[in-house]
Amino acid sequence: MLQAPNFKESPNYLIKVKSSLKIALEYIKSNVTNVIERTINELLELHDVISPDNSFILLYGRFRSQGPKIRSLMTLLEERIHVTDEYAQVIQECHKFYLHHREELLTPVAQNGVSDLLQKYTGDHCTLLRTAGTFILHMCEDEMRLFNQFFSSNFSQSINQMLSKLCRCLYDAVRPLIIHINHVEILSELCDILKDELLQQDDPKKTTNCKHI
């Protein structure tokens, strides 16, 4: 109908097709967001019991169990993204919904984790940067893997902003300490840790995602 707009009653059928497509896309988006929201709410109820020992299972295990449901629905959209702009719009809305809720869930965990390390390694700036940096880096890697379980890796750039905000938790915590260091040797070692241990990754995308550390 789009290729032959002059066919008899083509405009009427086109209106019906667009209406049906809108309903179908809203149904898919609703199912995706409902699964995400339900899982998030379950975790928020357990927020007080999330600890370093169980955080991986709670923050990732429960979400990964929902992966097949979300992935099957998103595949329907991603395979048709070039058909019409409506598919791309719904995909973007699903990404935005998912990332917004993951950010709300993870930011306190990242902040508390870095805060605990600040107390544990008071005065030991090198160990602090190495340990806290590794903690945030692994969190970013886990988030990227989880995102790719739900959505096509072709859209992985969507998650970069959220990962940068997670890295900001580390930056905000260690910067006030580092700017008051007067010893060149310590500053040099901190630079080596940042460059050689935290940012040197086999996958250049990981380096980009954590560049704000």
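The accessible surface of the chain in this predicted model comes to about 12800 Å². Carbon and sulfur atoms account for 53% of that surface. The chain has 213 residues, of which 37% count as buried.

The secondary structure consists of 8 helices and 0 strands, so that, by the DSSP assignment, the order of elements from the N terminus on is α-α-α-α-α-α-α-α. Among contacts in the chain with a separation of 6 or more, 71% are made by residues 24 or more positions apart.

The largest nonpolar core contains 47 residues. Within this core, the members that touch the most others are Phe63, Met74, Leu77 and Tyr98. At least two core residues each are supplied by helix 1 (10–45), helix 2 (55–64), helix 3 (67–78), helix 4 (85–120), helix 5 (125–150) and helix 6 (160–178). Of the contributing elements, helix 4 gives the most, with 12 residues.

The surroundings of Phe63 were examined further. With residues up to four places away in sequence left out of the count, Phe63 touches Ile36, Thr39, Ile40 and Leu43, as well as Tyr98, Arg102 and Leu105. Leu146 and Phe150 are also touched by Phe63. Tyr98 is thus listed both as a contact of Phe63 and among the core residues that touch the most other members.

A second core, separate from the largest one, comprises 6 residues. Among them are Cys126, Leu129, Ile181 and Ile193.

Notes: Residues are numbered from 1 along each chain as its sequence is written. This is a predicted model: local features need pLDDT of at least 70, side-chain atom pairs count only at pLDDT 80 or more; totals for chains, interfaces and linings use all residues. Side-chain values use heavy atoms; hydrogens and water are left out. A nonpolar core is a set of buried Ala, Val, Leu, Ile, Met, Phe, Trp, Tyr and Cys residues joined through side-chain atoms within 4.5 Å. Buried means under 20% relative accessible area, exposed over 50%, partly exposed in between (1.4 Å probe, protein chains only). Helices (H or I, at least four residues) and strands (E, at least two) are DSSP runs, numbered from the N terminus. Contact means heavy atoms within 4.5 Å. Accessible areas come from the Shrake-Rupley method with a 1.4 Å probe; for residues, only the protein chains shown count as cover.
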